[in-house]
Structures are given as structure tokens and as C-alpha cells.
Amino acid sequence: ATSDATGKTSELLDDYEEGTFSIAEQNASGVSVTLSEAQYTKIGRTVTIYVDLAFTGSNSNAVTFSPLPFAASNAKNQQLNTQTNMNSGGTPQFVVQGANLITTRDNAQQNLLYSHLSGFWVRISGTYQIA
């Protein structure tokens, strides 16, 4: 902590990091995923990410990616914001769980499959807490 001219103390920001990361699809046999961008900013225990993906090919496996730049607590499922041009198969939702980016659709009622995303792009952004 430091004091300013008025005697007030403030904490210095000493845990800041930003950069890019690589994330790989899991369960994606026969599927091609193009990663255009994956960036992160970490401030203390909060991590903000932005990931831009495009999908070609198809299979009936659930969509999963790993690793994230920092692992979150396995005890929490932390939902991120999603933008996509996907026009069928329900609304995709991306959730941070540990070091993985897992997916569901239709308010977590069903798995999001690679077959739902074939020919579409997805942009994922948001913050999550690490342990």
C-alpha cells in the first residue's frame, strides 16, 4: 500500500498480465476448427478472454476446448458471452470449468455438437475467476 498527498492509502496493481494463448478442440475427429484469435487479460484472480473460432466438418461429439490460459475452480461453472452466426440447433453456451471450455445449448438442456457448428463461426468473450 502507498499513501498519496492526502494520506489516503491505495493498493498498487501488482498482478496484471495479458497475452495470447492457444486452445485446441477435443473430440473433433473429422472437424476442422480455425482459431483466428485467442487473447486474455488477467488482473488478480479475474481472467478476461476473447476467442474467435470458425468450424468446418462435422461429427456427433460434444464441443469442448482446452486449455484456457488459467484454470478456474472445478467447483464453479462460469458462463461466458457468445456471438455466432449459427442459425439452427439451439443457442450455444460456453462455460469455463477447470482448464476447459465446455459447451451446452438451449439453457444447458442438451450438448452442443460439432454438427451444429459446421460452417459457422463463434466468438466467445467474458470473465471468469481462478482459484
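## Exercises on charges, rings and core

Arg-123 has a relative accessibility of 29%, so it counts as partly exposed. The model is predicted. The exercises below start from this residue.

**Exercise 1. Find the salt-bridge partner of Arg-123 and classify its burial.**

Step 1. Arg-123 forms a salt bridge with Asp-52. Their closest N and O atoms are 3.4 Å apart. The cut-off is 4 Å, so the pair qualifies.

Step 2. Place the two residues. Asp-52 belongs to strand E6 and Arg-123 to strand E11. The bridge therefore ties together parts that are 71 residues apart in sequence.

Step 3. Check burial. Asp-52 has a relative accessibility of 12%. Buried means under 20%, so Asp-52 counts as buried. Its partner Arg-123, at 29%, is partly exposed.

Step 4. Look for a ring beside the charge. The charged end of Arg-123 sits over the ring of Trp-121, 4.0 Å from the ring centre.

**Exercise 2. State how many salt bridges the whole structure holds, then describe the one made by Lys-42.**

Step 1. The search of the whole structure gives two.

Step 2. Lys-42 pairs with Asp-15, with 3.0 Å between the closest N and O atoms.

Step 3. This pair also links distant parts of the chain, 27 residues apart. Lys-42 lies in strand E5. Asp-15 lies in the loop between strand E2 (9–10) and strand E3 (16–20).

Step 4. Compare with the burial limits. Lys-42, at 8% relative accessibility, counts as buried. Asp-15 has a relative accessible area of 33%, so it is partly exposed.

Step 5. Lys-42 also has a ring under its charge. Its charged end sits over the ring of Phe-70, 5.5 Å from the centre.

**Exercise 3. Follow Phe-70 to its aromatic partner and classify the geometry.**

Step 1. The structure has four aromatic pairs. One of them joins Tyr-40 and Phe-70.

Step 2. The ring centres are 5.5 Å apart and the planes make 75 degrees. Planes over 60 degrees apart count as edge-to-face, so this pair is edge-to-face.

Step 3. Locate the residues. Tyr-40 is in strand E5. Phe-70 is in the loop between strand E7 (64–66) and strand E8 (78–84). They are 30 residues apart.

Step 4. Both residues are buried. Ring pairs also bring in Phe-21, giving a cluster of Phe-21, Tyr-40 and Phe-70.

**Exercise 4. Classify the ring pair of Phe-55 and Phe-65, and give the burial of each residue.**

Step 1. The centres lie 6.2 Å apart and the planes meet at 70 degrees, so the pair is edge-to-face.

Step 2. Phe-55 lies in strand E6 and Phe-65 in strand E7, so the pair ties together parts 10 residues apart in sequence.

Step 3. Phe-55 has a relative accessible area of 2% and is buried. Phe-65, at 0% relative accessibility, also counts as buried.

Step 4. List contacts beyond four places in sequence. Those of Phe-65 include Ile-23, Val-33, Leu-53, Phe-55, Phe-94 and Leu-101.

**Exercise 5. Set Phe-55 and Phe-65 in the largest nonpolar core and name the element that gives the most to it.**

Step 1. This core has 30 residues. Phe-55 and Phe-65 are among those with the most contacts inside it, along with Ile-49, Val-51, Leu-101, Ile-124 and Tyr-128.

Step 2. Five elements supply at least two residues each: strands E5 (31–43), E6 (46–57), E9 (92–97) and E11 (121–129), and helix H1 (114–117).

Step 3. E6 gives the most, with five residues.

Technical notes:
Residues are numbered from 1 along each chain as its sequence is written. This is a predicted model: local features need pLDDT of at least 70, side-chain atom pairs count only at pLDDT 80 or more; totals for chains, interfaces and linings use all residues. Side-chain values use heavy atoms; hydrogens and water are left out. A nonpolar core is a set of buried Ala, Val, Leu, Ile, Met, Phe, Trp, Tyr and Cys residues joined through side-chain atoms within 4.5 Å. Buried means under 20% relative accessible area, exposed over 50%, partly exposed in between (1.4 Å probe, protein chains only). Helices (H or I, at least four residues) and strands (E, at least two) are DSSP runs, numbered from the N terminus. Contact means heavy atoms within 4.5 Å. A salt bridge is a side-chain nitrogen of Lys or Arg within 4 Å of a carboxyl oxygen of Asp or Glu. Rings of Phe, Tyr and Trp (its six-membered ring) pair if their centres lie within 6.5 Å; planes under 30 degrees apart count as stacked, over 60 as edge-to-face and the rest as tilted. A charge sits over a ring if NZ of Lys or CZ of Arg is within 6 Å of the ring centre and within 35 degrees of the ring normal.
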